[in-house]
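Open your viewer, switch on side chains, and get ready to click along. Each stop tells you what to select and what is there.

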Amino acid sequence: KDLPEDEIKQRKNDLLKIRKYLIRQTHCEGNIADYEGWKDLQNLSFHDFLREVGMYSKQNTSYVEAKQRYLSALSASVKGSGSVFLKRNPKDVFTNNFNPNLMFLHGANHDIQVCVDMYACAQYICGYLTKNEEGMSKLLKNINDDGANLSKMQLLNNLAAVLDKHREVSIQEATYRMLGFPMTKSSLKVKYISTVHPNFRDGLLKGDLKNLDEGESIFLNSVHTYYENRPEVLETEDDKVYHPEEITKEYWTKITLAEFWAKYDVVYDGKNKNVEKQKDFINKFYKRCSHSYEKPSMVDRGIQVILNSTIWTK
């Protein structure tokens, strides 16, 4: 809800005081176990902690008012629609959020955060995937330290080379890459179809424009050209497996562009230099892929029909 500017400013100032106090009590040059500030923080009760961070601004301030002021200050750190703060003692400031049941099953470091909306979940995942890598910073520092006698342009080129050719990876990722395992898997395939007017539709130019035949299109084939030149009647072959619908008379005339592109993929083989060769190519070279009509259980298990696809190949 909307708050007065004075109230928002007060909450931010209180949050800053809390953070500064925690920094003073938990940061030291030596061993933190011997640091007096850390020892004092461990012995504080929550009531004393509120007093130390300045939540009792007046002598007649009650504990309920001080606690509410503290909670209001925490609200200034919330990004998004909400956040969850677990109750803990001041001595547990370095303890991450954890789940005892998960800790029993997986004895690793925990830092569990409750995502209260879909945007918070997306933000957390994107932030985790794009976080800075420590190894990269060390490499850049080494280049910068060794480049005292280099010109600024040479130093910039060396730093750019490090960013371009170096990346720190985990042992798990290195093992997966060495064994040739796939880094990602998906049961869905996304295909793009341009729905703008043909006069404004983008096309990919061919690379050998000077060697084109008379009347040959300067653009590579697209989903629209393949759809326009689909066969009216499919000529079946004995060694191929077809869906019953594909060999009916009205199937290819009634199939929509979206259905056509969802069910079929093209494998480029040779050069198709005119419409007649395209038609001949489409009519002759069909083959069912692994997700074919013989395996309807793939669809039965809830995987989208897009897997029931056909590819074109020799």
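Before selecting anything, one definition helps: a pocket is an open set of grid points with protein on both sides within 12 Å along at least five of seven lines, and its lining residues have an atom within 4 Å of a point. Keep in mind, too, that this is a predicted model.

**Stop 1: the largest pocket**

Select Leu-74, Ser-83, Val-84, Phe-85 and Leu-86, which lie nearest the centre of the largest pocket, out of 40 residues that line this pocket. The space in the largest pocket comes to about 1500 Å³. Now colour the helices H1, H3, H4 and H6 (118–129): each gives at least two residues to the lining. Which helix supplies the largest share of the lining? That is H4, with 5 residues.

**Stop 2: Arg-11 in H1**

Next, pick Arg-11, found in helix H1 (residues 5–26). Look for Glu-7, whose side chain makes a polar contact with the side chain of Arg-11 at 3.0 Å. Then show what else Arg-11 touches: setting aside neighbours within four places in sequence, Arg-11 is in contact with Leu-3, Ser-72, Ala-73, Ser-75 and Ala-76.

**Stop 3: aromatic pairs**

Across the whole structure, a search finds 10 aromatic pairs. Start with Phe-46 and Phe-49: their ring centres are 6.4 Å apart and their planes meet at 25°, so this pair is stacked, since planes under 30 degrees apart count that way. Both residues belong to helix H3 (residues 46–52), and because they are 3 residues apart there, about one helical turn separates them.

Is Phe-46 buried or exposed? Phe-46 is partly exposed, with a relative accessible area of 24%. Phe-49, in turn, is buried, at 5%.

Keep Phe-49 selected and add Tyr-70. Here the ring centres are 5.9 Å apart and the planes stand at 85°, so the pair is edge-to-face. Phe-49 is in helix H3 and Tyr-70 is in helix H4 (residues 63–75), so the pair ties together parts that are 21 residues apart in sequence. Tyr-70 is buried, as is Phe-49.

**Stop 4: a cluster, and charges over rings**

Now select Tyr-227, Tyr-251, Trp-252, Phe-260 and Tyr-264, which form one aromatic cluster. Add Arg-230 to the view: its charged end sits over the ring of Tyr-227, 4.0 Å from the ring's centre.

For the last selection, choose Lys-191 and Trp-261. Lys-191 lies over the face of Trp-261, at 4.9 Å from the ring centre.

How values were computed
Residues are numbered from 1 along each chain as its sequence is written. This is a predicted model: local features need pLDDT of at least 70, side-chain atom pairs count only at pLDDT 80 or more; totals for chains, interfaces and linings use all residues. Side-chain values use heavy atoms; hydrogens and water are left out. Rings of Phe, Tyr and Trp (its six-membered ring) pair if their centres lie within 6.5 Å; planes under 30 degrees apart count as stacked, over 60 as edge-to-face and the rest as tilted. Helices (H or I, at least four residues) and strands (E, at least two) are DSSP runs, numbered from the N terminus. Buried means under 20% relative accessible area, exposed over 50%, partly exposed in between (1.4 Å probe, protein chains only). A charge sits over a ring if NZ of Lys or CZ of Arg is within 6 Å of the ring centre and within 35 degrees of the ring normal. A polar contact is a pair of N or O atoms within 3.5 Å; within protein, one must be able to donate a hydrogen and the other to accept it, and residues adjacent in sequence count only if both atoms are side-chain atoms. Contact means heavy atoms within 4.5 Å. On a 1 Å grid over the protein atoms alone, a cavity is a set of points where a 1.4 Å probe fits but cannot get out, and a pocket is an open set with protein on both sides within 12 Å along at least five of seven lines; lining residues have an atom within 4 Å of a point. Grid points are joined across faces, edges and corners, and a volume is the space filled by probe spheres set on the points.
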